[in-house]
Amino acid sequence: MTAVLETEHLSLQFGGVNALSDLSIQIEAGSLHAIIGPNGAGKTSFFNCLTGYYKPTSGAVRFRGSEVTGLDAAKVAGLGIRRTFQNIRVFPKMSVLENVLAGGHLRATANLFSITVASPGFRRNERQLRSEAMSSLEFVGLADQWNNLAGDLPYGMRKRMELARVLIADPVVVLLDEPAAGVSSVEREELSRVIQRIHAQGTCVIMIEHDVDLVMEIATEVTVLDNGRIIASGLPQDVRNNPDVIRAYMGRKRK
Amino acid sequence: MAMVETVSRGRAKLDGFRAMRGGLVLAVVVLGALIPQMTQNQYYLGVAFQAEMLMCLALGLNIVVGYAGMLDLGFAAFFAIGAYTTGILSTKEHWSILASIAPGVVIAVVCALIIGFPTLRLRSDYLAVVTLGFGEIIQTIAINLNQTGGPTGIYAIPALTLGSVVVTSNTGYYYVFFVLVIVFALFSTRLRGSRLGRAWLCIREDEDAAKAMGINTNHYKLYAYVFGAVLGSITGSLYAPALTAISPASFGFSESLLIVMAVAIGGLGSIWGVMFGAAVVEIFPEVFRSFAQARLLVFGVLLVILMVVRPRGLFPERAFQGMATRVRRRLGRAAVGPGPSAGHVVLTVPTEES
Ligand SMILES: Nc1ncnc2c1ncn2[C@@H]1O[C@H](COP(=O)(O)OP(=O)(O)OP(=O)(O)O)[C@@H](O)[C@H]1O
Ligand SMILES: [Mg+2]
């Protein structure tokens, strides 16, 4: 077993608040690792530390063995660590296709000269990207929406578009912040299928999710956070029966 | 299969859309090229030429404000840099106008880097203040330096020569700027359709999310600012021989504001919109000269109304598509958003439906 992404004694403070305390996690390559925990447990903050949006107060983040702590968010994305956001962030005034193309930004290679003269190389590169963007959209079932403005899509479709935008980058690790939150049960099924397919391709998926049933169904590993600490981790069924978890999380979350 | 079908269906619609757009572009270009043939009135030609010049500046600023979403209130500074570089080099050093464009561009780029590098990481409102200050500084330098001719500026700037052709008439400069507008518009279109344009729009729409795409936002903001500076400076370099005299008064805050207005009225990020906006900003006050002092007031009131009614400008990007969606919404056919195969193009190109 090899860890593709790991943290060591990661801590994050906001003023006096300990958002994360001494977090050491190993994310195995090819796993579908769920992060669960009550509201304010520090799940999103953890993602933000992994992806360069927050700089941890102390501790280290390692990706494939090399340290990426404190790297700029764009650099982290460039390494193949791609994420979605809890409060979906699409580019509303761009078309769905362009949103996905933006995800493939680093795969667009043309220089200024070939862009200006629309050189064959530039056109080929753009055509290639477009067809890959369409494949990504097809993957999440949004191919027919390609020419709509992203801002015009309903909530569930935006979530799927965010996934397509991640996929076009051919990521090594995908971080999903509550992919199924706030969507209908039909959309939830759809999203669950898409996530499983991403995982089935061999991509490592880390997923924050409140929907325990979904987590139990698809995760290969679960880590439970509470107050910025790990209170349990392991196989889904083990975690489910862990008394600490039931007390800290399930007891509060599920009526 | 399903996807291929959807795409090819989309393609067919897009091709129709493209053909229509191509025809429209051709019509506008031909019409524009014929304007000097339709009138010999020097006043009209002068206004038309000024409008073209403002279009060039607006296209330059559009990259900064329209694409990248950074409010630049000192854009006239780059215009001034081009005009003064050409003015000085052509009168004092006897450079040809064309040759003087390059040093103007170099100085503009260096200034853009010096101003942009530390400030572009700031939020947009700080940027507005810094660029405003930069505009004022450039104007102040022009007023106080001997080399720039002080408050009176530089006069007797030689004509633009293109090979054996010496451009002296209003008509001549009309065509020079006509070509420049087309070149700038084409350049903007190319940028917009590339990773540069996409990156800029992403930054405009949501800078943090742009980073998650792997976009180095600081670099791309700087690129936008530099491209804007280049277009502004080239426009200035050709403006100097067209007017034969330049003075600091033409490069103040009011000029910067005029360019911002052209971009905002027309539609941020939309090439057609921006050019139209420039024409409106230039021509409107002229048409309403009979209102004398009140014309600017009338203009201001209309501007406020416009910004309330159409906050994204007269012709924002994808205006037609957006309209189609809204129409469908209003008809209640898309209660949960655009339905399958909701190609907006269907509404704009009805003939493609069958
Ligand atoms: N930028 C910030 N500034 C100050 N405090 C923050 C910031 N971001 C997070 N926090 C704090 O860190 C703690 C963890 O927040 P976080 O958003 O990571 O929780 P979460 O587990 O994602 O919760 P939820 O389930 O509601 O999304 C909270 O107490 C929150 O108030
Ligand atoms: Mg969260």
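The following legends describe close-up views of a predicted model. Local features require pLDDT of at least 70 and side-chain atom pairs pLDDT 80 or more, whereas totals for chains, interfaces and linings use all residues. Residues are numbered from 1 along each chain as its sequence is written, chains are lettered from A and ligands numbered from 1 in the order in which they are written, and side-chain values use heavy atoms, with hydrogens and water left out.

**View 1. Protein donors of the magnesium ion (ligand 2).** Thr44(A), through OG1, and Gln86(A), through OE1, lie 1.9 to 2.1 Å from the ion. Donors are N, O and S atoms within 2.8 Å of the metal (3.2 Å for Na, K and Ca); water is not among the atoms, so sites may look incomplete. The two residues are 42 residues apart: Thr44(A) belongs to helix H1 of chain A, and Gln86(A) to the loop between strand S6 (81–83) and helix H3 (96–103) of chain A. Helices (H or I, at least four residues) and strands (E, at least two) are DSSP runs, numbered from the N terminus. Thr44(A) is partly exposed at 26% relative accessibility, as is Gln86(A) at 35%. Here buried means under 20% relative accessible area, exposed over 50%, and partly exposed in between, with a 1.4 Å probe and protein chains only.

**View 2. Surroundings of Ser45(A) in helix H1 (residues 43–50) of chain A.** Ser45(A) is buried, with 13% relative accessible area. Beyond its neighbours within four places in sequence, Ser45(A) contacts Leu12(A), Phe14(A), Ala19(A), Leu20(A) and Tyr54(A); contact means heavy atoms within 4.5 Å.

**View 3. The salt bridge between Arg62(A) and Glu8(A).** The N to O distance of this pair is 2.5 Å. A salt bridge is a side-chain nitrogen of Lys or Arg within 4 Å of a carboxyl oxygen of Asp or Glu; over all chains the count is 17. Arg62(A) lies in strand S4 (residues 58–63) and Glu8(A) in strand S1 (residues 3–14) of chain A, so the bridge ties together parts 54 residues apart in sequence. Arg62(A) is buried at 19% relative accessibility, whereas Glu8(A) is partly exposed at 35%.

**View 4. Salt bridges involving helix H8 (residues 207–212) of chain B.** Lys221(B) and Glu207(B) form a salt bridge, with their closest N and O atoms 3.0 Å apart. The pair, 14 residues apart, links helix H9 to helix H8 of chain B, and both residues are buried. Lys211(B) and Asp208(B) also meet in a salt bridge, at 4.0 Å from N to O. Both lie in helix H8 of chain B, 3 residues apart, about one turn of the helix. Asp208(B) is partly exposed, at 25% relative accessible area. Salt bridges with shared partners join Arg89(A), Asp206(B), Asp208(B) and Lys211(B) into one network.

**View 5. The largest nonpolar core, with 104 residues.** A nonpolar core is a set of buried Ala, Val, Leu, Ile, Met, Phe, Trp, Tyr and Cys residues joined through side-chain atoms within 4.5 Å. Residues with the most contacts inside this core are Phe78(B), Phe134(B), Phe177(B), Trp200(B), Tyr225(B) and Ile246(B). Helix H9 (residues 217–243) of chain B supplies the largest share, 14 residues. Not counting residues up to four places away in sequence, Tyr225(B) touches ten-named partners including Val64(B), Met70(B), Phe78(B) and Phe134(B). A second, separate core of 47 residues includes Ala108(A), Ile198(A), Val205(A) and Val245(A).
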